[in-house]
Amino acid sequence: DNQIQDDERLEDNNVIAKLALFANKTWTQNASIVGNHIMLTMGSDFQYKNAHQWYKNLDKLIHYANANESLRLNAFYSTPSTYVEAKHSLDAEWTLKTDDFLPHSTNAHSYWSGFFTSRPTLKGYSRWANNWLQICKQLETLVPNDFLASTELRRALGVLQHHDAITGTEKQAVT
């Protein structure tokens, strides 16, 4: 996204537009939950290459959202545990989801399915390599120094078991 431009001397000042977008998304999400506490998560693949700029934008967004009383928002940095504590304090009756989450849809005509059936050979290699890693870890306890022969295997499995790799949703070029 473009940065939040709050210099009033410049013609591309976009604070009002960014606040409107933020408030709209916030109130839309709030309409589908219990209570007034919502968590707006950050994250997406291939994003956040400039942490300084990202947090500078968030700081501005939080400042302007809280300063504008008509938005009726109280935005702040938080943690999952703080959010869960706030929800728990509502002492509300929660619905229980019992059906399947799959296939997952990210927009009207795009479904993510085959998490458990795609790339079976890759998944088999992952299980096989993990078995060997567990054997290596047990043998390494017998070595009197800090030498870990399994470091390369640990790293490879760390990449392979990334949520996109092991589910088969990674780009074909990755594997």
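These legends walk through close-up views of a predicted model.

**View 1. Helices H4 and H5 pack against each other.** Here we look at H4 and helix H5, the latter spanning residues 151-160, which pack at an angle of about 145 degrees. Their axes lie 10 Å apart, and the crossing is left-handed. On the H4 side, the contact is made by Leu-122, Ser-126, Ala-129, Asn-130, Trp-132, Leu-133, Lys-137 and Glu-140. H5 contributes Leu-153, Arg-154, Leu-157 and Leu-160.

**View 2. A salt bridge joins Glu-140 and Arg-154.** Staying with the two helices, we can pick out a charged pair whose side chains meet with an N to O distance of 3.3 Å. Glu-140 belongs to helix H4 and Arg-154 to helix H5, so the pair, counted as linking distant parts of the chain, is 14 residues apart. Is Glu-140 buried or exposed? Glu-140 is buried, because its relative accessible area is 11%, under the 20% limit. Its partner Arg-154 counts as partly exposed, with 34% relative accessibility. In general, side chains of opposite charge can pair when their charged atoms come close.

**View 3. A nonpolar patch lies on the surface.** Which residues form this patch? They are Tyr-125, Trp-128, Trp-132, Ile-135, Leu-139 and Leu-142, and together they have about 730 Å² of accessible area. One of them, Tyr-125, sits in helix H4, which covers residues 120-140. Tyr-125 counts as exposed because its relative accessibility is 54%. Another patch member, Trp-132, also appears in the list of H4 residues that make the contact with H5.

**View 4. Lys-123 is a buried lysine in helix H4.** This view turns to another residue of helix H4, Lys-123. With a relative accessible area of 17%, Lys-123 falls under the 20% cut-off and is therefore called buried. What does Lys-123 touch, leaving aside residues up to four places away in sequence? Its contacts are Phe-115, Phe-116, Ser-118, Ile-166, Thr-167 and Gly-168.

**View 5. Asp-6 and Lys-60 form a salt bridge between distant parts of the chain.** The closest N and O atoms of Asp-6 and Lys-60 are 3.3 Å apart. Along the sequence the two residues are separated by 54 residues, with Asp-6 in the segment before helix H1 (15-30) and Lys-60 in helix H2. Asp-6 counts as partly exposed at 24% relative accessibility, whereas Lys-60 is buried at 18%.

**View 6. Asp-7 and Arg-9 form another salt bridge.** The side chains of Asp-7 and Arg-9 meet at 2.8 Å, N to O. Arg-9 is exposed, with a relative accessible area of 74%. How many salt bridges are counted in the model? The count comes to three.

**View 7. Arg-72 and Asp-91 each have a positive phi.** Most residues other than glycine have a negative phi, so these two loop residues are worth a look. Arg-72, which is not a glycine, has a phi of about 55 degrees. Arg-72 is placed in the loop between helix H2 (51-67) and helix H3 (80-88), and it counts as exposed at 62% relative accessibility. For Asp-91, phi is near 50 degrees. Asp-91 is found in the loop between H3 and strand S1 (104-107), and it is exposed too, with a relative accessible area of 70%.

Terms used:
Residues are numbered from 1 along each chain as its sequence is written. This is a predicted model: local features need pLDDT of at least 70, side-chain atom pairs count only at pLDDT 80 or more; totals for chains, interfaces and linings use all residues. Side-chain values use heavy atoms; hydrogens and water are left out. Patches are made of residues with over 30% relative accessible area and no salt bridge: like charges are joined within 9 Å, nonpolar side chains (Val, Leu, Ile, Met, Phe, Trp, Tyr) within 5 Å. Accessible areas come from the Shrake-Rupley method with a 1.4 Å probe; for residues, only the protein chains shown count as cover. A salt bridge is a side-chain nitrogen of Lys or Arg within 4 Å of a carboxyl oxygen of Asp or Glu. Helices (H or I, at least four residues) and strands (E, at least two) are DSSP runs, numbered from the N terminus. Buried means under 20% relative accessible area, exposed over 50%, partly exposed in between (1.4 Å probe, protein chains only). Axes are lines fitted to C-alpha atoms, for helices over the stretch in contact, and angles run from 0 to 180 degrees between N-to-C directions. A crossing is left-handed if the near helix is turned anticlockwise from the far one by less than a right angle, and right-handed if clockwise. Contact means heavy atoms within 4.5 Å.
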